[in-house]
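Hi,

Here is the structure I said I would pass on. Have a look at it first, and then read my notes underneath.

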Amino acid sequence: MSELINNQAHRIETLKEVILHLHRGEAPADVRARLKALVSEVDANEIAAMEQKLMAEEGLSAEQVRSMCDLHADVLGEVMAAPRAPKEVPPGHPVDTFRRENRALEQAVAKVRGQLPAIAALGDGGTPAEARLALLEALAPLLDVEKHYSRKEHLVFSVLERHGTTGPSKVMWGKDDEVREQLKGARAALGEPTLCGAELKFVAASLLAPALAAVESMIYKEEQILFPMALGMFTEAEWGEIWSQSPEYGWCLVEPAQGFAPARPQLPEDAIQLPPARAVQLPSGALALEQLLGIFNSLPVDLTFVDAEDRVAFFSEGPERVFARSRAILGREVQNCHPPKSLATVERILADFKAGRQSVAEFWIQMGGKFVHIRYFAVRDEAGKYLGCLEVTQDLTRLRALQGERRLLEY
């Protein structure tokens, strides 16, 4: 029958049908045998398309697909095409930087893994502070993966979604979050100074080793699925857009190389450019465009506006943002701007605002030594029609610490 499965569309549909049997509880060995009988070889792009179909056509959530992701990989392993040679890109190209970071992450993983035999050889008693601190020090560089993942999630995924590809990015973002939690969990456990030898060995084996494997697995998924897919899909202008906005999120362990000459991004055909000297007339006054931008960027809060169709329409660009924002998110569905674990909360807020049940949602969190206040406001016109949602984020750390009075001018 394999000779009948001779084109990509058939292979993707076959993958989808076979993987559905896994989700319905069929034994992986039986599914693997059926898959090998039907398909002799598939590539990573076809697996990404299969995940998209599972969510778009079968109603599976990103959470469901992600929970089965490792099992999918195991079943698909025997029919996966050999890893392709990476497409060459110029030094400094966003994919070149991602790859360089992955090589640095692999070195960091190897350094941590090099500590594990000494941990395994420890006695069960005592508090082996030297071994614990050495392991903690080796682990620290891996936490820099946050910058790598953030650039991918907010820039690469944003452009993927413009091209109609949302499924693989949602699944991968969820896997990113799993890696984050595993690394943070291992770091927190290793930070406990009273760990005895047996406890340290348990942390190394049950928390740290899986975290290292998860980092390596994500590197493989990026380089064999995500980057080839993006390189075949994105325009040079889109890569230039990603390149120009990447510094907003920072670099993981290495700096970008020099050599990439990005294409200049083009404004949408229907965009209207207002000369700086022209005023915007408002009911309570008029402001020149440069004044309006200056006001937005001087406010001690971060503003993000999502329109009535749930797409990001505007954000302020102040000098000290609490959360990084890049222009690649403009036009992006706000649901795709959040990690999968936050999606239910986002959708509930928007549904309550649209239905008129609520007008404000409020949160406050501790983040990196800061007390961050986040509020969401329903924006409506004079007749009560829903126009969108305004997010207002502010670092209140300094304000909460104020005491007494200040009545004299001080800078």
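Below is what I found, going from the whole chain to the cores, the rings and the sheet.

One thing up front: this is a predicted model, so please read everything here in that light.

The chain has 14 helices and 7 strands. Of its 411 residues, 42% count as buried. Taking contacts between residues at least 6 apart in sequence, 66% join residues at least 24 apart. The exposed surface comes to about 22,100 Å², with carbon and sulfur atoms supplying 55% of it.

Now the helical part. The largest nonpolar core has 51 residues, and the members that touch the most others are L142, L183, L208, L226, F234 and W239. Two or more residues each come from helix 6 (94–120), helix 7 (129–139), helix 8 (145–162), helix 9 (167–190), helix 10 (197–231) and helix 11 (236–245). Helix 10 gives the largest share, 15 residues. That fits a familiar tendency: in soluble globular proteins, nonpolar side chains tend to be buried together.

W239 is a good residue to click on. Leaving out residues up to four places away in sequence, W239 touches H93, P94, V95, A230, L231, F234 and F260. There is also another core, apart from that one, with 18 residues, including F315, I329, V334 and A378.

What does helix 11 bury? Its buried residues are E238, W239, G240, E241, I242 and Q245, so the list is not purely nonpolar: a core takes only Ala, Val, Leu, Ile, Met, Phe, Trp, Tyr and Cys. The cover over the buried residues of helix 11 includes helix 6, helix 8 and helix 10.

Just ahead of that helix, T235 sits in the loop between helix 10 and helix 11. Is T235 buried or exposed? Neither, quite: its relative accessibility is 39%, so T235 counts as partly exposed. T235 and V159 are 76 residues apart in sequence, yet their C-alpha atoms are 9.8 Å apart in space.

On to the rings. I get 6 aromatic pairs over the whole structure. One of them is F98 with F227, a stacked pair with centres 5.4 Å apart and 25° between the planes. Because F98 belongs to helix 6 and F227 to helix 10, this pair ties together parts that are 129 residues apart in sequence. F98 is buried at 2% relative accessibility, and F227 is buried with a relative accessible area of 2%.

F157 and W173 make another pair: the ring centres are 6.4 Å apart and the planes stand at 50°, so this one is tilted. It links helix 8, which holds F157, to helix 9, which holds W173, across 16 residues of sequence. Both F157 and W173 are buried.

Finally, the sheet. It is an open sheet of 5 strands in the order 4-3-7-6-5, with antiparallel pairing. Strand 4 (312–315) and strand 5 (360–367) are the edges, each pairing on one side only. From one strand to the next, the twist averages 15°. Inside the sheet, strand 6 (residues 370–380) and strand 7 (residues 386–395) run antiparallel and are joined by 9 bridges. A378, which is among the members of the 18-residue core, has C389 of strand 7 as its bridge partner.

Shout if you want to go through any of it together.

Cheers

Conventions:
Residues numbered from 1 in each chain as written. Predicted model: local features only at pLDDT ≥ 70, side-chain atom pairs only at ≥ 80, totals over all residues. Heavy atoms only, no water. Core = buried A, V, L, I, M, F, W, Y, C linked by side-chain atoms within 4.5 Å. Buried < 20%, exposed > 50% of the residue type's maximum accessible area, 1.4 Å probe, protein only. Helix = DSSP H or I, 4+ residues; strand = E, 2+ residues; numbered from the N terminus. Contact = heavy atoms within 4.5 Å. Areas by Shrake-Rupley, 256 points an atom, 1.4 Å probe, with all protein chains shown as cover. Pairing = 2+ DSSP bridges. Axes fitted to C-alpha atoms, helices over the stretch in contact; angles between N-to-C directions. Phe/Tyr/Trp six-rings, centres within 6.5 Å; stacked < 30°, edge-to-face > 60°.
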